[in-house]
Amino acid sequence: MSTSIIGAAVGRVDGKLKTTGAARYAIDHPLDNVAYGAGVFSTIANGKIVRIDTAEAEKMPGVIDILHHGNADQLYRPAGQFEHSRASEARPPFEDDGVYYYGQFIAVVVANTLEQAQDAATRVKVTYAEEKPLVHLEDAPAPTGEPVANYSRGDAEAAFESAPIKIDETYITPVETHNPMEMHGTIAAWDGDKVTLYETTQGVVNHQQVMSEVLGLPLENVRVISPFCGSGFGGKLFPWPHSMVAALAARRVKRPVKVYVPRSMMFTTVGHRPYTKQRMRLGATADGKLVSIQHDVLSTTSKVDTYVEHCTSSTPMLYTCPNVKAVQHLVPLNVGTPTPMRGPGTVPGIFPLESAMDELAIRLNMDPLELRLRNYAEKDESLNLPFSGKHLREAYQIGAERFGWSKRNPKVASMRDGGLVLGWGMSTATWHAGRGGATVRVRLNADGTARASSATQDIGTGTYTVIAQVVSDKTGIPLNKIEVVLGDSSLPPGPTSGGSTATASVMPAVAGATNSVVNTLISIAQRTQGSPFYVKETQGGDPPSLKMTKGFIHAADKAPESGVPFHEILAMRRLSGIDGEAKTGPSEEMHKFSGHSFGSHFCEVTWDPGIARLRVSRWVTVMDAGRIINRKTATNQILGGVVMGIGMALLEETLYDPRNGKPLNNNYGDYLVSTNADVPAMECIFVEYPDLNLNEYGARGVGEIGLAGVASAITMAVYHATGVRVRKLPVRIEDLLGHV
Amino acid sequence: MQSFEYRQARSPEGAIANAGEKTRFIAGGTTLVDLMKLDVERPASVIDINGLPLDRIEVSPDGGLKIGAMVRNSDLAWNANVRQRYAVLSEALLSGASPQLRNMATTGGNLLQRTRCYYFRDTNYKCNKREPGSGCSAIDGFHRIHAVLGGSEHCIATHPSDMAVAMMALEATVHTRGAKGERSIPLNDFYLLPGSTPDSENVLEPGELITHVTLPPLPQSTRSHYLKLRDRASYEFALASAAVVIRTSGGRIEFARVALGGVGTKPWRSREAEQELHGHEANERIFRAAAEAALKPAKPLRDNAFKVELAKRVIVRALENTTQTA
Ligand SMILES: Cc1cc2nc3c(=O)[nH]c(=O)nc-3n(C[C@H](O)[C@H](O)[C@H](O)COP(=O)(O)OP(=O)(O)OC[C@H]3O[C@@H](n4cnc5c(N)ncnc54)[C@H](O)[C@@H]3O)c2cc1C
Ligand code: SF4
């Protein structure tokens, strides 16, 4: 394996397409005779539709048809777990007259132009029988149902009772809404009983499966195309109602129909990270050894599906502790269905654990980093398995050195830069390292190019580039001669882009397919008369061993240039090209290990007490995430996660009106995320230990871990600067204003 | 969006002559088009005034500045005269919106931008400003961004402009032209408090066109400054902001003008604060007294109570910044 291109800082192979606007996103696809669907969305959060009056809307110019629960064809329910597929909402759109949340699809108006459809949609009059909605967890009765997580080892309650040092606090994370730049949208085009869906999705294969279930079609009658995705952050993992609405409408009007979700409804009908309320109890000895961890979680879901934000997922393994209990219950609300959002479960779940660790360190008068080292988990105590590579100690140490942590004065408001007070914080980051199955086909073409294809997709993270790097690594063909084709369900089935598993899953299959096609090429070289490597069948002994480097087939013991360019071998047989395919599954080796990535964050905030202005001023993050395949895209993922975390800590919160369940700040102006001006100088360092249990490259995904731990590092720095411990995110000016 | 008739004006006279009760002029469109898409603004006709020769910034005979209504916010902010002599205005403009919006937004349009009250922007809510007499959804709703000064039981929406706050402190005059001829209206008299008619926000008649804004000259060695506080560092309306125009001599305040943004139902000039400052020595105690005086009339509610203290802080800091000897 030559190593030059693996690990290099390679620019995106699709970068030019994106920066020039040539990349075609879902609803950019030009189709003839397309009609436009505009949604009518519920303006109440709970109740029934009594009447839908479409008379005025129907008379509007250009209107073709209006579909709603009273007249739309029935959709089937998605089979979900029974088919290993996943839709976002168990209830398909227009199933009944029920309204379960604000911003639910009530009807769709199909017209010749977008403007006509939108105009007519505002004229559909809906009469409701409204009931009082339940919008906030704080207004809900205590849940009585079965817990959705229930982990226990040792006797956490007894150990807590007898612990000399106790921390018992409750932490809250608000609803956050994904808000990718590219809004959700679908163009559905039927040809007889076959449908093509131009989508923006993190999983063309799952999307195809779910749509075949709800439309009642054979799998091969559904094709999902999603060459580019203007990011998803988890929100585009599973199909949402608009995709089904587009398919229904297109079938009805016998024309392709384009439906996109307007920005305001990006807050209602395409998911969010749910609200969580988490009680964290830590018991420790006087010298800082954890003896008990108890994590009690309430998280919200909708009335039309059961979504679990697995907040307790890293609690039992992050630190060594004999007694751990983690329990979670769900509270259904009249809001849209939550869905995974970057770092689901762990990101909100680690906020209370890491915050409580800092509160414990303060109580013990101990450096928070030292406290973490004292409770360092050498193995995964929840599975009783060794980690498949854990170098967190090194990540702590390098981060601390780069940041200058040893110069920290722990006293509140003791560190200054001119008139500004400095606050320092740190935290542990973690995310599981996994790998799924993938099938990849690699073709070597007679024109000297290569092509790799798989029904996975690049959601902006760099999958196109990483696949091209592997093909190039195995063949020596330069990147500009490698075409990567993704985002089409008719290709060999590839993985969903979620859970930071795409890279680890797809790489072994790309490598396998490339090896396979190279081996075929070698046998062609040996079986073809006129080839310098021709071996007579009758001759005894092994033929001399050949390999492919720099695009040449050559004798393994000679320089590449001594051989023949691969396309000349194809030409000798007048072949257009040859294919290799590989199908890989999850790593067998990983059953013996617990797979997780780890990292450390160190940060500084500045606090101007006179005007209550808090800003993040410095960030160092060190990641232990296996071998890095592309330094550029990996750094970009980690720092992007930190930027998102700054928003989570200080800005983001979807505000629902308790009266009607409407997200009030439902636009880019009012829903605050970090701007460039909020982002400080940041540094990202990788401690690179290949995780060879996971795949031959030792690569893990890096999509989510950058965000884990960011919020608690910031609230810790906020405390250090201001003396205020904020346990309810985001940290707001009013939380700090009273304390100067 | 409701269908509307669209015309381009060739002259101010033509624009006025064609304007009826349900006409809106469109300048940068960053407020108007946004609200039309939300069905909050439903003009029957829209007259495009982008072709009018109102896009110049000139020094007036008295040494002040004459700013055409169509001057873009970016051009005004980066104008050398403005940057040197009216720093408060340049700072206020640059703290507002985003570069893209500022490139479109105009002087006239900025003065007339509408509130960002969530409930005003959604026709499913009761809102006295949008639909007189229907009620106010903000008072019982979420009102963190709402006003603590100048509100009534009918409306507590903030006027969101940064530019207008600076212009208040600069004692600008708005010049208009309408069916009844030309008018010059001191900015101080331009905006109305909501009272029981929050739908009337200013003294313009229907179809009256803002042609330009004038700023009087400032005495030598006057200093001015705009300071804006908000959750994030950019691209957000003010939670509290202060515009200060001040001249000190030998540590004594000769005159001071203080205006507040983000906390009032209109761009808020605080005579109370100014009175505290006049003739006194510039020090923290007097700044604090001015801030207390400015916020004395405040009527905070549950979610916006913090703005009272935040506004005091912003006044004190803006005064400190303008009186510190470098
Ligand atoms: C996301 C977002 C964030 C923003 N953030 C800020 C901020 O932080 N601070 C801030 O101050 N502003 C902010 N703004 C508001 C922005 O400054 C205004 O939208 C802009 O100044 C309006 O100017 P315009 O020329 O686009 O007005 P238009 O939208 O064209 O017009 C606005 C109104 O003024 C009327 N009008 C325009 N010109 C004239 C004239 N010459 N005579 C009579 N009537 C006229 C129009 O009929 C209309 O009713 C923000 C806006 C948006 C969308
Ligand atoms: S505060 Fe004013 S603008 Fe907002 S809802 Fe009440 S009346 Fe309408």
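**Reading two ligand shells, two helix pairs and two backbone oddities**

Q: Let's start with ligand 2: how many nonpolar, polar and charged residues does the shell around it have?

A: By class, the shell around ligand 2 has nine nonpolar, four polar and one charged residues. Keep in mind that you're looking at a predicted model.

Q: And which residues come nearest to ligand 2?

A: There are 14 residues around ligand 2, and the nearest of them are B:Cys117, B:Cys127, B:Cys136, B:His154 and B:Cys155.

Q: Now ligand 1. How many residues surround it, and which are the closest?

A: Ligand 1 has 32 residues around it, with B:Phe25, B:Gly29, B:Thr30, B:Thr31 and B:Thr106 closest. Sorted by class, that shell holds 15 nonpolar, twelve polar and five charged residues.

Q: Which polar side-chain or backbone atoms should I click on there?

A: Try B:Gln113, where a polar side-chain atom sits 3.3 Å from a nitrogen atom of ligand 1. Then look at B:Asn110: a backbone N or O atom of this residue is 3.4 Å from an oxygen atom of the ligand. A polar backbone atom of B:Glu236 lies 3.5 Å from an oxygen atom of ligand 1.

Q: How much of ligand 1's accessible area does the protein cover?

A: On its own, ligand 1 has 970 Å² of accessible area, and the protein covers 94% of that. In chain B, strand 2 (23-26), helix 7 (107-111) and strand 8 (209-215) are the elements giving two or more residues to the shell.

Q: On to helices. What describes two packed helices?

A: You use the angle between their axes and the distance between the axes. Take helix 11 (residues 284-295) and helix 12 (residues 306-323) of chain B: their axes come within 9 Å and cross at roughly 140°. Helix 11 and helix 12 of chain B are therefore oblique to each other, and the crossing is right-handed.

Q: What about helix 14 and helix 15 of chain A: at what angle do their axes cross?

A: For helix 14 (residues 631-650) and helix 15 (residues 710-722) of chain A, the crossing is at roughly 55°, with the axes coming within 8 Å. Those two helices of chain A are therefore oblique to each other as well. Helix 14 of chain A passes helix 15 in a right-handed crossing.

Q: Last one, the backbone. What sign of phi and what kind of peptide bond do most residues have?

A: Most residues other than glycine have a negative phi, and most peptide bonds are trans. Now see A:Asn179, which has a positive phi, near 55°, and lies in the loop between strand 8 (165-173) and strand 9 (185-191) of chain A. For the peptide bond, go to A:Leu729 and A:Pro730, which are joined in cis with omega about -10°. A:Pro730 is in the loop between helix 15 and helix 16 (733-737) of chain A.

How values were computed. Residues are numbered from 1 along each chain as its sequence is written. Chains are lettered from A and ligands numbered from 1 in the order in which they are written. This is a predicted model: local features need pLDDT of at least 70, side-chain atom pairs count only at pLDDT 80 or more; totals for chains, interfaces and linings use all residues. Side-chain values use heavy atoms; hydrogens and water are left out. A residue is near a molecule or strand if one of its heavy atoms lies within 4 Å of it. A polar contact is a pair of N or O atoms within 3.5 Å; within protein, one must be able to donate a hydrogen and the other to accept it, and residues adjacent in sequence count only if both atoms are side-chain atoms. Accessible areas come from the Shrake-Rupley method with a 1.4 Å probe; for residues, only the protein chains shown count as cover. Helices (H or I, at least four residues) and strands (E, at least two) are DSSP runs, numbered from the N terminus. Ala, Val, Leu, Ile, Met, Phe, Trp, Tyr, Cys and Pro count as nonpolar, Asp, Glu, Lys and Arg as charged, and the others, Gly among them, as polar. Axes are lines fitted to C-alpha atoms, for helices over the stretch in contact, and angles run from 0 to 180 degrees between N-to-C directions. Angles under 35 degrees count as roughly parallel, over 145 as roughly antiparallel, 65 to 115 as roughly perpendicular and the rest as oblique. A crossing is left-handed if the near helix is turned anticlockwise from the far one by less than a right angle, and right-handed if clockwise.
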